[in-house]
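Here are some notes to read alongside the structure. Take them one at a time, and find each residue on screen as you go.

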Amino acid sequence: AVMKNAVNVSLIGKTELFSYVMEKMPQLSRDTVKTALALIFALIVCIIIIRFFKTHIGLCIRATGDNEAMVSSSSINVDATKIFALAISNACVGLSGGLMAQYQGYADINSSVGILVVGLASVIIGEVIFGRRSVTIGIISAVVGSIVYRYIMALATATHIFPAFALKLVSACIVGIALSIPAVKEAAALSKIKKEAGNDAHN
């Protein structure tokens with residue numbers, strides 16, 4: 001609907017955010033402008049979300065994710081909380097999609113294919129790096145995880161070890177490894193506890 005029933009829309013020759021900033025700051029290269037604006041938007045959104053999740057409704061959303069039954073017993077409308085959370089997430093998706101279209105210079109109906117898996121991998125990679133500590137760390141870790149994921153993909157394709165048609169396979173392997181890391185860490189920790197308990201019993 002936003003693309004007016006077109007499969008793809010080109011932004012070449014049209015004024016978009018990145019070209020507008022370049023016109024105002026001609027001394028900066030396009031890559032610098034793209035990177036700087038992406039980081040600025042990520043920082044602003046992170047600050048807003050971090051502050052929001054420390055408000056009453058933000059705490060209700062977090063509590064619903066942790067223990068829905070407890071929130072319901074506290075006379076909080078769980079359905080309304082879920083809808084509000086989905087509205088926020090979709091607003092972030094819309095902002096990201098708009099920025100991505102302007103970043104690429106075009107919008108394509110298939111641009112979002114597979115992005116949910118990428119987001120999941122980014123969150124898990126971020127948690128592996130930072131761990132689960134607080135809302136602030138969690139949001140920062142998701143951003144860092146997405147950057148790390150993209151760098152891994154870039155390195156995998158730049159080394160020419162894999163052919164171009166294997167890009168989806170590489171992506172799937174990265175996601176699989178990211179998903180397995182928490183389970184491997186948990187199994188290693190459990191094995192260590194069992195080993196220590198066995199040593200104590202032996203002593």
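1. Start with a pair of helices in this predicted model. Helix H1 covers residues 17-24 and helix H2 covers residues 30-52; their axes come within 10 Å and cross at roughly 120 degrees. The crossing of H1 and H2 is right-handed. If you wonder what to look for in such a pair, two packed helices are described by the angle between their axes and the distance between the axes.

2. Which residues of H1 and H2 meet? On the H1 side they are Leu17, Phe18, Ser19, Val21 and Met22, and on the H2 side they are Arg30, Val33, Lys34, Leu37 and Phe41. Sorted by character, the residues of this contact of H1 with H2 are seven nonpolar, one polar and two charged.

3. Now pick out Ser19, which sits in helix H1. Is Ser19 buried or exposed? Ser19 has a relative accessible area of 15%, and buried means under 20%, so Ser19 is buried. Setting aside neighbours within four places in sequence, Ser19 is in contact with Lys14 and Arg30.

4. Next, go to the start of the chain, where two residues have backbone angles that deserve a look. Lys4 lies in the segment before strand E1 (8-10), and its phi is near 60 degrees, a positive value in a residue other than glycine. Asn5 is also placed in the segment before E1, and phi of Asn5 is near 65 degrees, again positive in a residue other than glycine. Why point this out? Most residues other than glycine have a negative phi.

5. How do Lys4 and Asn5 stand with respect to the surface? Lys4 has a relative accessible area of 73%, so Lys4 is exposed. Asn5 has a relative accessible area of 78%, so Asn5 is exposed as well. The cut-off behind both statements is that exposed means over 50%.

6. Helix H5 spans residues 78-104, and Val78 lies in it. With a relative accessible area of 9%, Val78 is buried. What does Val78 touch? Not counting residues up to four places away in sequence, the answer is Thr64, Glu68, Val71 and Ser72. Gly65 makes a useful reference point here: Val78 and Gly65 are 13 residues apart in sequence, and their C-alpha atoms are 10.0 Å apart in space.

7. Stay with helix H5 and find Ile88, which lies there too. Ile88 has a relative accessible area of 25%, so this residue is partly exposed. Leaving out neighbours within four places in sequence, Ile88 is in contact with Phe52 and Ile61. You can also follow the chain from Ile49 to Ile88: they are 39 residues apart in sequence, while their C-alpha atoms are 9.2 Å apart.

8. Two further residues give you a sense of distances across the model. Val123 lies in helix H6, residues 115-130, and at 36% relative accessibility it counts as partly exposed. From the C-alpha atom of Val123 to that of Ile193, 70 residues apart along the chain, the separation is 27 Å. Cys173 belongs to helix H8, residues 167-202, and is partly exposed, with a relative accessible area of 42%. The C-alpha atoms of Cys173 and Lys34 are 139 residues apart along the chain and separated by 29 Å.

9. Now zoom out to the whole chain. How many helices and strands does the protein chain have? There are eight helices and two strands, and from the N terminus on they run β-α-α-α-α-α-β-α-α-α. The C-alpha atoms fill a box of roughly 75 × 55 × 35 Å along the principal axes. The chain has a radius of gyration of 22 Å, whereas a compact globule of 203 residues would have one near 17 Å.

10. Finally, a few totals. Buried residues make up 22% of the 203 residues in the protein chain. The chain exposes about 14,300 Å², and carbon and sulfur atoms supply 67% of that area. Among contacts with a separation of 6 or more, residues 24 or more positions apart account for 52%.

Key: Residues numbered from 1 in each chain as written. Predicted model: local features only at pLDDT ≥ 70, side-chain atom pairs only at ≥ 80, totals over all residues. Heavy atoms only, no water. Axes fitted to C-alpha atoms, helices over the stretch in contact; angles between N-to-C directions. Helix = DSSP H or I, 4+ residues; strand = E, 2+ residues; numbered from the N terminus. Left-handed = near helix turned anticlockwise from the far one by under 90°. Contact = heavy atoms within 4.5 Å. Nonpolar A, V, L, I, M, F, W, Y, C, P; charged D, E, K, R; others polar. Buried < 20%, exposed > 50% of the residue type's maximum accessible area, 1.4 Å probe, protein only. Rg over C-alpha atoms; globule rule 2.2 N^0.38 Å. Areas by Shrake-Rupley, 256 points an atom, 1.4 Å probe, with all protein chains shown as cover.
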